[in-house]
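Thank you all for coming; I would like to walk you slowly through one structure today, looking at how some of its helices pack and at what surrounds its ligand.

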Amino acid sequence: MQNLEPRSVLVTGANRGIGRAIAERFLAAGDKVATIYRSGDLPDRVLGVVGDVRDSASVDAAFTEVEAAHGPVEVLVANAGVARDQLLMRMSDEEFDTVLDTNLTGAFRCARRATKGMIRLRRGRIILISSVVGLYGGPGQVNYSASKAGLVGMARSVTRELGGRGITANVVAPGFIETEMTAALPEERQETYRGAIPAGRFGGVEEVAGAVQFLAGPDAGYITGAVLPVDGGLGMGH
Ligand code: NDP
């Protein structure tokens with residue numbers, strides 16, 4: 001789908017996995033796409049600013065650079081995320097804090113910075129990449145699921161605060177998606193997980209990208225504070 005007016009889109013962590021597929025999807029629609037990234041290479045035509053979502057000054061500087069090149073960010077996709085799985089009793093403060101700081105506080109830093117321009121524009125789309133585990137829970141994932149559940153509260157509070165200013169805030173909650181992370185799981189574990197998914201398969205990164213693009217597009221202007229699962233039915237009933 002080609003957009004009439006190219007928009008300034010910022011996707012965090014677009015160097016690989018789901019973030020990369022999201023960036024490619026917006027590029028294909030004719031948007032101006034930028035990313036805050038730490039390492040690796042980027043799709044052609046993505047404006048990359050090296051930065052770290054755990055650092056407010058770094059996020060601020062990256063937004064300033066992106067705004068100078070592409071104009072105010074109209075679509076923010078907070079995708080950057082990490083996992084440090086560990087059983088609760090063995091989980092260190094560092095494992096808990098790192099995951100919260102990246103997945104939850106990182107999204108907050110980006111959303112806070114993005115809304116400055118969105119309020120002036122009187123429009124904006126904020127899409128937070130959560131996980132099925134946020135509301136479903138996962139053993140060994142107390143840190144990760146807490147961070148991903150927090151994104152739901154964040155999107156809904158942003159909606160109540162800024163809904164009247166043409167800004168929407170939604171959550172996309174992927175299930176098991178074929179990425180480096182899931183490919184690294186032993187085949188036996190992959191089979192067990194597949195058996196629990198009504199669709200009987202893992203999802204593709206492009207299926208998550210499609211959901212994100214929909215929420216950023218003209219048909220989703222009245223959808224806000226929502227959680228859109230892309231999980232083959234794994235978490236239904238959330
Ligand atoms: P990857 O591990 O492949 O990619 C994560 C991305 O986040 C990388 O680009 C990484 O950069 C970036 N990142 C991590 N920490 C920071 C940081 N401090 N500052 C800037 N960028 C950072 O993950 P996926 O593509 O699989 O996942 C993307 C999102 O989707 C994550 O939020 C994840 O939790 C979520 N998700 C993934 C699922 C899956 O099955 N794959 C399922 C449900 C949710 P770098 O390469 O430099 O490390």
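Before the first helix pair, let me say that axes here are lines fitted to C-alpha atoms, for helices over the stretch in contact, and that angles run from 0 to 180 degrees between N-to-C directions. Helices (H or I, at least four residues) and strands (E, at least two) are DSSP runs, numbered from the N terminus. Please keep in mind that this is a predicted model, in which local features need pLDDT of at least 70, side-chain atom pairs count only at pLDDT 80 or more, and totals for chains, interfaces and linings use all residues. Residues are numbered from 1 along each chain as its sequence is written.

With that in place, α3 and helix α5 (residues 142-162) have their axes 9 Å apart and pack at an angle of about 20 degrees. The two helices α3 and α5 are therefore roughly parallel to each other, where angles under 35 degrees count as roughly parallel, over 145 as roughly antiparallel, 65 to 115 as roughly perpendicular and the rest as oblique. Taking residues to be in contact if their C-beta atoms, placed from the backbone, lie within 7 Å, we find F96, L100 and L104 among the residues of α3 that meet α5, whose own contributors include Y144, L151 and M154. This contact of α3 with α5 has 13 nonpolar, five polar and two charged residues, with Ala, Val, Leu, Ile, Met, Phe, Trp, Tyr, Cys and Pro counted as nonpolar, Asp, Glu, Lys and Arg as charged, and the others, Gly among them, as polar.

Helix α3 (residues 93-121) also meets helix α2 (residues 56-70), their axes coming within 10 Å and crossing at roughly 35 degrees. Here S56, V59, D60, F63 and E67 of α2 face R109, C110, R113 and G117 of α3, and the contact divides into three nonpolar, two polar and four charged residues.

What is the angle between α1 and helix α8 (residues 205-216)? They pack at about 55 degrees, with their axes 8 Å apart, and that makes α1 oblique to α8. The residues of this contact divide into eight nonpolar, three polar and two charged.

Finally, the ligand is surrounded by 29 residues, the closest being G13, G17, R38, A80 and G81, where a residue counts as near if its C-beta atom, placed from the backbone, lies within 6 Å. The elements giving two or more residues to this shell are α1 (17-28), β2 (32-37) and α6 (180-183). By class, the shell has 11 nonpolar, 13 polar and five charged residues. G17 also appears in the contact of α1 with α8.

Technical notes:
Contact = placed C-beta atoms within 7 Å.
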